[in-house]
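Got the viewer open? Here is a short tour, stop by stop, with something to select each time.

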Amino acid sequence: MKFTLPARKPFNFTSVIDSHGWRQLAPFTYDEGTNTLGYTLRLSNARVIELKMSDAKDGVSVETERLNKTERSEAAEAVAWMFGLDMDFSAFYAASRAEPKLARAKKQSLGRVLRSPTLFEDVIKTILTTNTLWGATQNMTRKLVDEFGVALGGATGRNVDEAPKSFPTPEAIAASDPDTLKEKIRVGYRAPAIHELAVRVASGKYDLEALKTCDLPTLELRKELLTINGVGPYAAANLLLILGRSDFIPIDSWALKLVSHEWYRGKPVTSKEVEKRFEKWGEYKGLAFWFWDWKYNGG
DNA sequence: GGTAGACCTGGACGC
DNA sequence: GCGTCCAGGTCTACC
């Protein structure tokens, strides 16, 4: 079946999927030829389906197998969240209009950051980006999905080992143990943090998903995220940006490099210099940093 | 409040 | 093929 979900204007499908590296992490897939984003989704009734998302006029076109009304509504809700379809960036566009380095923001509909359907998945993935190289993040995520995910249902004639799998539920990771996570998934010292979060969420003691829609002030929300083991200032800022809060900058070694080449002729800088350069952007700091038209491109 | 050092993996490099 | 070095944030202990 196929359906289309409208987005608040302006909206640009490609800008969202290119907003950061998430589309390169399982269970996302991306087909460059057709500009189609795939995602293996586990519905609340445990059915696993494959979503194929592509550009539609002012929204997202979703192709998947036949779903009942409840399943369709759940799939639509997931896609709407992943693409932030209802998000409004008009205030950011107004604030950045006079800044040449952000002049393209409105035209390209920049602002939305691709999300996973659950905050649990985004927190785990963010922890897997810390203190490692991108290739290792991809490997760890792949292994986590392969080991604990559920294979796509109804994949007739296909070896179940090769079938796409959903992102693991907190229960699936909680049922494992830190040693297995370390040895099989190769997450290293992150294992206890990942396992602990999974246990907290699976037990129902910690309603992580409630943070997606809570109206806590950003500072409070950041404090909450920082209580999660493995989430420090960088990870918290990254998660805030995903949650649509832009008051903090995810400062990692790459950010230091960008700022160093932008304003300090490649001389090493600290996070203080990064903060200073974006201070004037206030609640749009994160967006201004993230979508800045940087001189440096790694070369 | 600031900082040194440990944590772990995987890739690059030299032998 | 083996050993060594290095990059990459968070956390803890310490000043």
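Start by selecting Arg-186 together with DNA strand B: a polar side-chain atom of Arg-186 sits 3.4 Å from a phosphate oxygen of that strand. Keep in mind throughout that this is a predicted model. Now add Lys-182, where an N or O atom of the side chain is 3.5 Å from a phosphate oxygen of DNA strand B.

Want the rest of this neighbourhood? Add Gly-188, Tyr-189 and Lys-272, which join Lys-182 and Arg-186 as the residues around DNA strand B. Which parts of DNA strand B come within 4 Å of the protein? Sugar and phosphate make up 100% of those atoms. If you colour the protein side by class, you'll get three charged residues, one polar and one nonpolar.

Next stop: a pair of helices. Select residues 253–263 for α11 and residues 271–278 for α12; the two pack at an angle of about 65°, and their axes are 9 Å apart. Look at how they cross: α11 passes α12 in a left-handed crossing. To see what fills the contact, show side chains for Ala-255, Leu-256, Val-259 and Trp-263 in α11, which meet Ser-271, Val-274, Arg-277 and Phe-278 in α12. Sorted by class, this contact has six nonpolar residues, one polar and one charged.

Now for the strands. In what order do the five strands of the open sheet run? Trace them as β1-β5-β4-β3-β2, with antiparallel pairing. Click on residues 2–6 (β1) and 28–31 (β2) to find the edge strands, each of which pairs on one side only. Rotate the view a bit and you can follow the turn between neighbouring strands, which is 25° on average, ignoring direction.

Stay with the sheet and zoom in on β3 (residues 36–42) and β4 (residues 48–56), an antiparallel pair joined over six bridges. For one bridge to pick out, select Leu-41 and then its partner in β4, Ile-49.

Last stop: Met-87. Look for it in the loop between α2 (69–83) and α3 (90–96). What does Met-87 touch, once residues up to four places away in sequence are set aside? Select Arg-8, Arg-112, Arg-115 and Gly-244 to see those contacts. To finish, draw a distance line from the C-alpha atom of Met-87 to that of Gly-135: these residues are 48 apart along the chain, and the line spans 31 Å.

Note on methods. Residues are numbered from 1 along each chain as its sequence is written. Chains are lettered from A and ligands numbered from 1 in the order in which they are written. This is a predicted model: local features need pLDDT of at least 70, side-chain atom pairs count only at pLDDT 80 or more; totals for chains, interfaces and linings use all residues. Side-chain values use heavy atoms; hydrogens and water are left out. Two strands pair if DSSP finds at least two bridges between them. Helices (H or I, at least four residues) and strands (E, at least two) are DSSP runs, numbered from the N terminus. Axes are lines fitted to C-alpha atoms, for helices over the stretch in contact, and angles run from 0 to 180 degrees between N-to-C directions. A crossing is left-handed if the near helix is turned anticlockwise from the far one by less than a right angle, and right-handed if clockwise. Contact means heavy atoms within 4.5 Å. Ala, Val, Leu, Ile, Met, Phe, Trp, Tyr, Cys and Pro count as nonpolar, Asp, Glu, Lys and Arg as charged, and the others, Gly among them, as polar. A residue is near a molecule or strand if one of its heavy atoms lies within 4 Å of it. A polar contact is a pair of N or O atoms within 3.5 Å; within protein, one must be able to donate a hydrogen and the other to accept it, and residues adjacent in sequence count only if both atoms are side-chain atoms.
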